[in-house]
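Trainee: I have a new structure open and no idea where to begin. Can you walk me through it?
Mentor: Sure, pull it up and ask away.

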Amino acid sequence: MSSTVITNIAALVTNDPSLGDNSLLGLVRDAAVVIDGDRVAWTGESSKAPATDNRVDAGGRAVLPGFVDSHSHLLFAGDRTEEFNARMSGRPYSAGGIRTTVAATRAASDAELEAGLTRYLEEALRQGTTTFETKSGYGLTTADESRALRVAARHTDEVTFLGAHIVAPELAEDPAAYVALVTGEMLDACAPHARWIDVFCEKGAFDGDQARAILTAGKARGLHPRIHANQLSYGPGVQLGVELDAASADHCTHLTDADVDALANSRTVATLLPGAEFSTRAEWPDARRLIDAGATVALSTDCNPGSSFTSSVPFCVALAVRDMGMTPDEAVWSATAGGAAALRRDDIGRLSPGAYADLTVLDAPSHVHLAYRPGVPLVSGVWRRGVRKV
């Protein structure tokens, strides 16, 4: 293995408050970072950088940890352009929503699902994402859910079983039978290919008791809980997630004071997904309220074909700053270290010694430009596990 120093960095975001300016981002000015193999070996001022085998000049650009996208739905086939166009045009649309994607996904081959996954991962990588989580949830049969997870596991360790996305269409009139399937035969087939289990706890999907049964069954099989919670309405999802030590409660749009307090006094991360609100013209989550209460907040894309068809974490950072009450520093932290916390990881989301050498170079002097220049393709370089990919 060889070592490389990236020097002449205008502003280095380390996410280690003990470094640099002792801020949330651990910002180091006129900085350098040393990569040894797949890990960060050193960070500090350029003038103090140790000798290495290779040298890269960042040209006065900003460097930050690679984005950690801790919530996505990338195992799908088909397209819902007409649905989105109707929603944005104020026209009614009744062609089936998520069931349209389920039908297309069931009809797709493994190769087609993997080609789609690879396409979206390459998109995300070009925009600075170096770690991603992705879910099943568009198959809703034992065979289709398990094959989606097998495909995902070839590309990431952060694989989530979401058989409980909605009740499968063929069992729509018997949700208890579907819950029994998800917690029995389907779980048996899917658990070997996943790290996480998730459920959409919402009116029209799964209620609190059903969600509890699904997540508890997953825990018994060694899967750790995550939960889609309180997106469309107030409900039991957040507090159930906290009770079961879910790594993350995702969406968190409609929260009571008790929900906020529960998150603030737990390890459960509130993962906010502004792409969904943007694409559905829904109410924005109140990140400011959560942060001020002491909750840990992550930002993620929720990339999916129905309600948030974006793979761009920079776009979500800009939305969070503009519409969710976050400062640029908070939004960048939440899209990196916050995402790592939502995956219970301490080896990503930071650029300090011992972390994976996952980093993003911006064609800008500061991370603030992610919000200051929304929509501009600022990512000019990406390293993942110490290897330059972009």
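Mentor: One term before we start: a salt bridge is a side-chain nitrogen of Lys or Arg within 4 Å of a carboxyl oxygen of Asp or Glu. Keep in mind that this is a predicted model.

Trainee: Okay. Which domains does the chain have?
Mentor: The assignment gives domain 1 (3-66 + 349-388) and domain 2 (67-342). Domain 1 is listed as two segments.

Trainee: How many Å separate the centres of domain 1 and domain 2?
Mentor: 30 Å, taken over C-alpha atoms. In the contact, 18 residues come from domain 1 and 20 residues from domain 2.

Trainee: How many salt bridges are there between domain 1 and domain 2?
Mentor: Zero. The rule does find four residue pairs in polar contact across that interface.

Trainee: What area is buried between the domains?
Mentor: About 1600 Å². Carbon and sulfur atoms give 72% of that. The size of an interface is often given as the accessible area lost when the parts come together.

Trainee: Which elements of domain 1 supply at least two residues to the side that touches domain 2?
Mentor: β4 (54-65), α13 (369-372) and β16 (379-384). β16 gives the most, with four residues. By type, that side of domain 1 divides into eleven nonpolar, five polar and two charged residues.

Trainee: Back to salt bridges. How many does the count come to?
Mentor: The rule gives 23 salt bridges.

Trainee: Show me one. What does R61 pair with?
Mentor: With D363, at 3.3 Å from N to O. The two sit 302 residues apart in the chain. R61 is in strand β4, while D363 is in the loop between β15 (359-362) and α13.

Trainee: Why does R61 count as partly exposed?
Mentor: Because its relative accessibility is 29%, and partly exposed covers the range between under 20% and over 50%. D363 is partly exposed too, with a relative accessible area of 46%.

Trainee: And R288, what is its partner?
Mentor: E330, with the closest N and O atoms 2.9 Å apart. This pair also links distant parts of the chain, 42 residues apart. R288 lies in helix α10 (residues 287-293) and E330 in helix α12 (residues 328-342).

Trainee: Are R288 and E330 buried or partly exposed?
Mentor: One of each. R288 counts as partly exposed at 25% relative accessibility. E330 counts as buried at 15%.

Trainee: What about E83 and R80, buried or exposed?
Mentor: Both are buried. E83 forms a salt bridge with R80, and their closest N and O atoms are 2.8 Å apart.

Trainee: Which residues are linked in a network of salt bridges?
Mentor: E158, R195, R345 and D347.

Trainee: New topic. Where is T142 found?
Mentor: In helix α4 (residues 142-153).

Trainee: Is T142 buried or exposed, and why?
Mentor: T142 is buried, because its relative accessible area is 15% and the cut-off for buried is under 20%.

Trainee: What does T142 touch?
Mentor: Leaving out residues up to four places away in sequence, T142 touches L181, E185, M186 and A189. With E185 there is also a polar contact of 2.8 Å between the side chains.

Key: Residues numbered from 1 in each chain as written. Predicted model: local features only at pLDDT ≥ 70, side-chain atom pairs only at ≥ 80, totals over all residues. Heavy atoms only, no water. Domains from an automatic or database assignment. Contact = heavy atoms within 4.5 Å. Buried area = accessible area lost by both parts, 1.4 Å probe. Polar contact = N/O pair within 3.5 Å; in protein donor to acceptor, adjacent residues only side chain to side chain. Nonpolar A, V, L, I, M, F, W, Y, C, P; charged D, E, K, R; others polar. Buried < 20%, exposed > 50% of the residue type's maximum accessible area, 1.4 Å probe, protein only.
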